[in-house]
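This briefing introduces a structure to a reader who is meeting it for the first time. The sequence and the model are shown below, followed by notes grouped by topic.

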Amino acid sequence: MDFTESMRNGGSHALATEAVHAGREDLAAMGLHAVPLDLSTTYPSYDSRQEAARIDDFATTGARPDGPPVYARLDNPTVARFETALARLEGTESAVAFASGMAALSACLLVRVAQGLRHVIAVRPLYGCSDHLLDAGLLGTEVTWVDPAGVAEAIRPDTGLVVVESPANPTLRELDLRAIAHSCGTVPLLADNTFATPVLQRPAEQGANVVLHSATKYLGGHGDVLGGVIACDEEFARSLRQVRFATGGVLHPLAGYLLLRGLSTLPVRMRAASATAAELARRLAADPRVERVHYPRLGGAMVAFETHGDPHEVIAGVRLITPAVSLGSVDTLIQHPASISHRIVAEGDRHSNGISDRLLRMSVGLEDVEDLWADLDRALSGRVAGRAPEAASEPERTPVPGGAGR
Ligand SMILES: *Cc1c(COP(=O)(O)O)cnc(C)c1O
């Protein structure tokens, strides 16, 4: 993988520079260095005629209000800085942030449903909850699942969105986004770029109109903030802001602050974790205890693999690596998709899309590669080094309602 190649993003600065400066250009003139955190829920105004005009303007256009936001569900200056920076990194006109990745996807679907375009075309695999949201039609959408080659044929007059993920969660299947964008014609293509991040791939450059992130993962990068964001053109952003205002899935300002801070180290974290992941993928592929390894041609910090032995034993055997759902943190996490992240997807749909019962998904962090390999090697051998922190003595975990989790 060639990082320098992917660092340029069309603006005047390289991606690594934008990651540190975008959304903060006005700070020095304000006499500030760190980003101000605005926790206001409301904004005072003695001129209610003018406030009425600003509310009318937002209701008709969905444009960000000039000046104070009236009320925090409408807009927030700290969150807006994160939105500006993410749009710059993805190379889109705008970005709109949400309380989580699922809130972001929901808003995209609601925008189209409100326009009478309730049909969605989607390519599996997708993140488990995205699959569920579409398959269950919770928001009034109707989904047609297709292979990439079947997108053009599946388009109907009421098709509002084509939804794909690449590399996909959890199998790391890669799609030709440019070819799919071509098949979409005038229907917008939504690409979930959570796994690649703009450091490795900018789907908008390949023709995707809507780029989704679970910001909870790499953008935040430290496992301590939940968020979602959509990078898109200003027209779609305006509809998203109106839906966000009406449905309330806003990102908390502190989360916006943490996500903006996370962006500044995103290129460095991605580069370091990807190098380690590539080395672990190489060692796993050469290991007789491992049946198959999935690692994207694009690179990245996610590795999936199938074991010959019981995958639950690997989960039970790790000590340095944390057995937990989610991904994109500074520390390495491993989980069993069939039990956790994709539990909510029907077994048959899991199996027909490569999510076998032996598949493990690992999110590689910033630890030393030799320490990680020693832990994996021990877990694969079923040699248990000491007791697990406490969970080992518990008879059984409480089942998670609805098989939730990332
Ligand atoms: C986690 C995840 C989501 C959902 O994001 P949340 O922030 O958990 O709501 C969506 N897509 C992908 C690829 C994910 O990994």
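In this predicted model, H294 stands opposite A304, a residue of strand β9. The strand that pairs with β9 here is β8, residues 290–294, and the two run antiparallel, joined by 4 bridges. The points below begin with β9 and its sheet, then turn to the ligand and to some backbone features.

**Strand β9 and its surroundings**

- Strand β9 spans residues 302–307, and 6 of its 6 residues are buried, so the strand is largely enclosed by the rest of the structure.
- M302, A304 and E306 point one way from β9, whereas V303, F305 and T307 point the other way, and all are buried.
- Besides its pairing with β8, β9 is joined by 5 bridges to strand β12, residues 359–363, and these two strands also run antiparallel.
- Within β12, M362 is the bridge partner of V303, and L359 is the bridge partner of E306.

**The sheet as a whole**

- The sheet is open and is formed by 5 strands in the order β8-β9-β12-β11-β10, with mixed pairing.
- Strands β8 and β10 (322–323) stand at the edges and have a single partner strand each, so one side of each is left without a neighbour in the sheet.

**The ligand and its shell**

- The ligand is surrounded by 15 residues, of which the closest are G101, D192, S214, T216 and K217.
- By class, the shell around the ligand consists of 4 nonpolar, 7 polar and 4 charged residues.
- D192 places a polar side-chain atom 2.6 Å from a nitrogen atom of the ligand.
- The side chain of S214 has an N or O atom that is 2.8 Å from an oxygen atom of the ligand.
- At M102 the contact is with the backbone: a polar backbone atom of this residue is 2.9 Å from an oxygen atom of the ligand.
- On its own, the ligand has 380 Å² of accessible area, and the protein covers 96% of that area.

**Cis peptide bonds**

- Most peptide bonds are trans, and most residues other than glycine have a negative phi; the remaining points concern departures from these two patterns.
- The peptide bond from R124 to P125 is cis, with omega near 0°.
- P125 is found in the loop between β2 (119–123) and α6 (128–135).
- A cis peptide bond also runs from N169 to P170, with omega near 5°.
- P170 belongs to the loop between β4 (159–165) and α8 (177–184).

**Positive phi values**

- V70 is not a glycine, yet its phi is positive, at about 75°.
- This residue, V70, lies in the loop between α3 (48–61) and α4 (77–90).
- V70 has a relative accessibility of 14%, and therefore counts as buried, the cut-off being under 20%.
- T197, likewise a residue other than glycine, has a positive phi near 60°.
- T197 is placed in helix α9, which comprises residues 197–200.
- Because its relative accessibility is 0%, T197 counts as buried.

Notes. Residues are numbered from 1 along each chain as its sequence is written. This is a predicted model: local features need pLDDT of at least 70, side-chain atom pairs count only at pLDDT 80 or more; totals for chains, interfaces and linings use all residues. Side-chain values use heavy atoms; hydrogens and water are left out. Buried means under 20% relative accessible area, exposed over 50%, partly exposed in between (1.4 Å probe, protein chains only). Two strands pair if DSSP finds at least two bridges between them. A residue is near a molecule or strand if one of its heavy atoms lies within 4 Å of it. A polar contact is a pair of N or O atoms within 3.5 Å; within protein, one must be able to donate a hydrogen and the other to accept it, and residues adjacent in sequence count only if both atoms are side-chain atoms. Accessible areas come from the Shrake-Rupley method with a 1.4 Å probe; for residues, only the protein chains shown count as cover. Ala, Val, Leu, Ile, Met, Phe, Trp, Tyr, Cys and Pro count as nonpolar, Asp, Glu, Lys and Arg as charged, and the others, Gly among them, as polar.
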